[in-house]
Amino acid sequence: MAEVVLVVQGGTVVDATGTRMADVAINDDGSIAAVGPDLDVPAGARVLDATGCTVAPGLVDLHAHLREPGGEEAETIESGSRAAALGGYTAVVAMPNTSPAIDSAAVVRQVQELGAKALCDVFPAGTITVGREGTRLSPMAEMADLGVRLFTDDGSGVADSRLMRRALEYASALGVTLAQHCEDPALSAGGHMHEGEWSGRLGIPGQPAAAEELMVARDIALSRLTGAPIHLLHLSTAGSVDLVRAAKADGVAVTAEAAPHHFTLTDEACASYDPVFKVHPPLRTSDDVAAVKAGLADGTIDAIATDHAPHPVEAKEAPFDQAPPGMLGLETALALALGELDLPIESVLALLSWQPARIAGIEDRHGGPVAEGRPANLCVIDPQVTWTVDPGALASRSRNTPYAGRTLTGRVRHTILGGVPVVIDQEAQR
Amino acid sequence: MRDLLSIVDLGVDGIEEVLRLTDSFVEVSERRIPKVPTLRGKTVVSLFYEDSTRTRLSFESAAKRLSADTMNFSVSTSSVKKGESLRDTVLTIEAMGVDAIVVRHGSAGVPWQIAQWVDAAVINAGDGWHEHPTQALLDCYTIRERLLARRGDGSFAGLSVAVVGDVKHSRVARSDILALTTLGADVTVVAPPTLLPPGVASWPVTVSHDLDDVLPKVDVVMLLRMQVERQDEALLPSLREYTATYGLTRERARLLGDDALVMHPGPMNRGVEIAAEVADDPRSTIVRQVANGVAVRMAVLFLLLGSGSEAHG
């Protein structure tokens, strides 16, 4: 007989079914025992205060680079999962551009084993091609058997259109989704920031918006051809948003995500020559930022994904054109979404939790309604609190946040993973 | 002003001040012993990550004429080859007690990064495609010197300058355009569209693809070095076609006015962007640019490191 061991008290529950004032009681088996006003607290049960806070399904990140195996100087699954938990995430899809790449059952198992001890659930994505080399298909069935639901060569796109077509066809029998980093490598070659007025002035080689849009257009065409679903990673240009909007209106099985830096920062930031602002796809123009925001507001873009990409300090102390691309994201995404999107918290949470959970194929465990019998993967958000981003105080092993010194509003107070509080009052519990 | 990273740091007053100071250092350079004690006890290090003969020598002789000690950090003989990071290299140099670091690097923005890490004055001697402010200053000085000699008026207002060639990849072009337009000159860039920077429409310049049309109208034509690699990047069909359409050939040079100046930052590709005869034409200022380069760099070093009153000593 399950026993209530935890009660989240005094908050406002928000999930896909609506918003209501309710306490949430959680069983020792990790399931939700009851949701309702003024629940009894059994003797011995712990109480987490949620007064003035929003209690929501845990956030789900479709796109995090946890760097393990192979990049442990930048991040480990443990440190990345701690950052995730502090950011309100209970589930993270770990990108497969590790070393070795997640392109076989063996590496999937390794990541899953490390993930079992983490502060959030870790779902490895597999590669589409062996070694992300874009020449031979990865053993997708073998990885799908272990539960992998998302496949991508992220870091680069699958450039060969014929191979991408075959990958979509093959994957369609497995009930998995392919996800694309949209970038035509011939057109983007040598580019280190968005090609435009700023790159011209700064003398930094640019990559045009068209490099992304070409692959977005191609993959929409391939999804239409094969009938297989495609998820488009980190959309960053107005043209990409328009293409996806039109494709969805046509009934193409396309979903898309956008990263917080693509709706909060522009290419002008590169004028500092600080490589912390170097990211792929690059920071774009204010028109692109407006288009990404509009896409998030009207449902064209289904999810906010962090593209959390840790790099050690020394890697970002290189010249701009020699530094690796990427920014931290897990600990700042929620506050940026709440503060910058002009959307009600219900819509922000849809973009951060239940919509990405469906794309990841994990909606049975994450992002679901806060209701009796469901797994207790929850976050408790204080939407009013303000805080200043201090790179040294982040849980990530790396420091490459572009938001250092910025004051944000809204922060995760508690995170509950499988009924266990992993973050209490903004403190990770391990 | 602590550093000279960009022409933008100077503004119109700063450029004018450098040009004024340069006058006195040109005078120093023409003495029998061209040396003043102004920067005695100061140390200037040149940190060149890219090969450069004229700019490095020009800075070193400028520093020596001001009696500064000079050090030369050459990348090919240094620990950079052993994988030392840019930041570590720069902090090591600063720990030796230097007052100014003259930096040349193949990546845009490196002088900005270095200026964040050190207290010494940082002078940008060329960063990637981005800027080369002392080249622009010496170009402006050379123009003013010739104009003064010819018409007794050193004003840039209404002066018409054509910048011809690979503007996209040229730090000289970016700094020249900033300096010349800041001083009030009208600048026309002449290049095939593949060699224009993105967003050039937002620059304070006129764009042309017809050199024959532009030449009769300009007071100064500034030619940029054309690199052979550009034809391999599909930016040009061939150097031959470039010369035919954008090269300052002997025939084309006839379209220029008798008083016009022909400038080139060097090193020249004779027969590509400039015909040999044109380079040696009396209208050419190319040798004078090099001579003025030393005096301009003395002015910049003095401005950043000097105490002021000894300038004319």
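The following exercises, with worked solutions, concern a predicted model.

**Exercise 1. Dimensions of chain B**

Determine whether the radius of gyration of chain B agrees with that of a compact globule.

Solution. Begin with the composition: chain B holds eleven helices and nine strands. Next, take the reference value, which for a compact globule of 313 residues is a radius of gyration near 20 Å. Chain B has 19 Å, which agrees with that reference. Finally, the extents of the C-alpha trace of chain B along its principal axes are about 55 × 50 × 35 Å.

**Exercise 2. The open sheet of chain B**

Establish the strand order of the five-stranded open sheet in chain B, and identify which strands stand at its edges.

Solution. Strands of a sheet pair through backbone hydrogen bonds, in either a parallel or an antiparallel sense. In this sheet of chain B the pairing is parallel, and the order reads β7-β6-β5-β8-β9. The edges are taken by β7 (206-208) and β9 (261-263) of chain B; each has a single partner strand, so one side of each lacks a neighbour in the sheet. Ignoring direction, neighbouring strands of the sheet are turned against each other by 20° on average.

One pairing may then be examined in detail. Strand β5 (residues 160-164) of chain B pairs with strand β8 (residues 220-223) of chain B in the parallel sense, over four bridges. Within β8(B), B:Leu223 stands opposite B:Val164. The last step adds a helix: α5 (residues 133-151) of chain B lies across β8 and β9 of chain B and runs at about 160° to β9(B).

**Exercise 3. A helix pair in chain A**

Classify the packing of α11(A) and α12(A), and state by class which residues make the contact.

Solution. Helix α11 (residues 333-340) of chain A packs against helix α12 (residues 345-360) of chain A at an angle of about 140°, and their axes are 10 Å apart. Angles over 145 degrees would count as roughly antiparallel; α11(A) and α12(A) are therefore oblique to each other. Their crossing is right-handed. On the side of α11(A), the contact is made by A:Leu334, A:Ala337 and A:Leu338; α12(A) contributes A:Ile345, A:Val348, A:Leu351 and A:Leu352. By class, this contact has seven nonpolar, no polar and no charged residues.

**Exercise 4. The contact between chains A and B**

Describe the side of chain A that touches chain B by its leading element and its residue classes.

Solution. First, the contact takes 18 residues from chain A and 20 residues from chain B. On the side of chain A, helix α6 (residues 197-202) gives the most, with five residues. Sorted by class, that side has six nonpolar, six polar and six charged residues.

Note on methods. Residues are numbered from 1 along each chain as its sequence is written. Chains are lettered from A and ligands numbered from 1 in the order in which they are written. This is a predicted model: local features need pLDDT of at least 70, side-chain atom pairs count only at pLDDT 80 or more; totals for chains, interfaces and linings use all residues. Axes are lines fitted to C-alpha atoms, for helices over the stretch in contact, and angles run from 0 to 180 degrees between N-to-C directions. Helices (H or I, at least four residues) and strands (E, at least two) are DSSP runs, numbered from the N terminus. Angles under 35 degrees count as roughly parallel, over 145 as roughly antiparallel, 65 to 115 as roughly perpendicular and the rest as oblique. A crossing is left-handed if the near helix is turned anticlockwise from the far one by less than a right angle, and right-handed if clockwise. Two residues are in contact if their C-beta atoms, placed from the backbone, lie within 7 Å. Ala, Val, Leu, Ile, Met, Phe, Trp, Tyr, Cys and Pro count as nonpolar, Asp, Glu, Lys and Arg as charged, and the others, Gly among them, as polar. Two strands pair if DSSP finds at least two bridges between them. The radius of gyration is taken over C-alpha atoms; the globule rule is 2.2 Å times the number of residues to the power 0.38.
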